[in-house]
Amino acid sequence: RLSVLLLAALLSIFLLGCASPRAIRKEFDPYTLNQNGKYKICIAAEDTPWKQEVISQLAQELGSEYSMKVENLRFLSEVQTEEWDIVLIFSTFYAFGLQSDTESFMNELDEKENTILVVTSAISDLGDYGVSAVTAASIGNTKEDAKSLTPKREPTDVAAEIAQLIKDKL
């Protein structure tokens, strides 16, 4: 009986001690880059310095013809894909799978041609999602990506790859 109580106590501590990725995700104030651009890009992202640097580099790479609205990843459930030329998602692949907001969006997405998924720490075949995908772990962020099997890449290189995907689609 004591062993059952100990097991129950340990299980409770473990379950209560595990924070969900959504609970630990940092939020940021939404912003727009190149507001009057001809092409409209909706970007849903988590707030990490590396992801924000990729977005900044992407804005420079694409130039003023591409307007980008950058929102928190939780906003993804509200995105109306027909309002955007491109929907660009910056997410994470955890041990249990794709980040939950992203997974829900991808499962409900009918039109996938103009969606691009950028995933850090991905060890899965992202082709299964039916969209263009880029994988890259951030440089210098050892806490977030120390166990990643994904090659670490500089923001400028990732931004250039995303920019080319966007130009090819438009």
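**Reading a fold from Ile 116 outwards**

Tutor: Let's begin at Ile 116, which is buried, with a relative accessible area of 0%. Buried means under 20% relative accessible area, exposed means over 50%, and partly exposed is in between (1.4 Å probe, protein chains only). This is a predicted model, in which local features need a pLDDT of at least 70 and side-chain atom pairs count only at pLDDT 80 or more, while totals for chains, interfaces and linings use all residues. Residues are numbered from 1 along each chain as its sequence is written, and side-chain values use heavy atoms, with hydrogens and water left out.

Student: In which strand is the place of Ile 116?

Tutor: Helices (H or I, at least four residues) and strands (E, at least two) are DSSP runs, numbered from the N terminus. Ile 116 belongs to β6, the strand of residues 115-120. In total, the protein has 6 helices and 9 strands.

Student: With which residues is Ile 116 in contact, leaving aside its neighbours within four places in sequence?

Tutor: A contact means heavy atoms within 4.5 Å. Beyond those neighbours, Ile 116 meets Ile 86, Val 87, Leu 88, Ile 89, Ser 132, Leu 165, Ile 166 and Lys 169. You can also look at C-alpha positions: Ile 116 and Ala 133 are 17 residues apart along the chain, with 5.6 Å between their C-alpha atoms.

Student: Now Val 70, please. Is Val 70 buried or exposed?

Tutor: Val 70 counts as buried because its relative accessible area is 0%. Its place is in strand β3, residues 66-72. Not counting residues up to four places away in sequence, Val 70 touches Phe 28, Pro 30, Tyr 31, Leu 33, Ile 43 and Ile 55. The C-alpha atoms of Val 70 and Thr 32 lie 6.0 Å apart, with these positions 38 residues apart in sequence.

Student: How do I put such pairs in the setting of the whole protein?

Tutor: Look at the totals. Among contacts with a separation of 6 or more, 70% join residues 24 or more positions apart. Of the 170 residues, 43% are buried.

Student: What sits in the loop between β1 and β2?

Tutor: Two residues to inspect there are Asn 34 and Lys 38. The loop runs between β1 (31-33) and β2 (39-45). Asn 34 has a positive phi of about 55° although it is not a glycine. Because its relative accessibility is 28%, Asn 34 is classed as partly exposed. Lys 38, at 62% relative accessibility, is exposed.

Student: With which residues is Lys 38 in contact, leaving aside its neighbours within four places in sequence?

Tutor: Glu 65 and Asp 85. Lys 38 and Asp 85 are 47 residues apart in sequence, and their C-alpha atoms are 9.7 Å apart in space.

Student: Where does the pLDDT stay under 50?

Tutor: pLDDT is the predictor's confidence in each residue, from 0 to 100. One such stretch is residues 13-23, for which the model has 5 contacts beyond four places in sequence. Residues 144-148 are also below 50, and that stretch has 12 contacts in the model beyond near neighbours in sequence. Where pLDDT is low, the predicted coordinates should not be read in detail.

Student: And what does the protein average in pLDDT?

Tutor: The average is 78, and 69% of the residues score at least 70.
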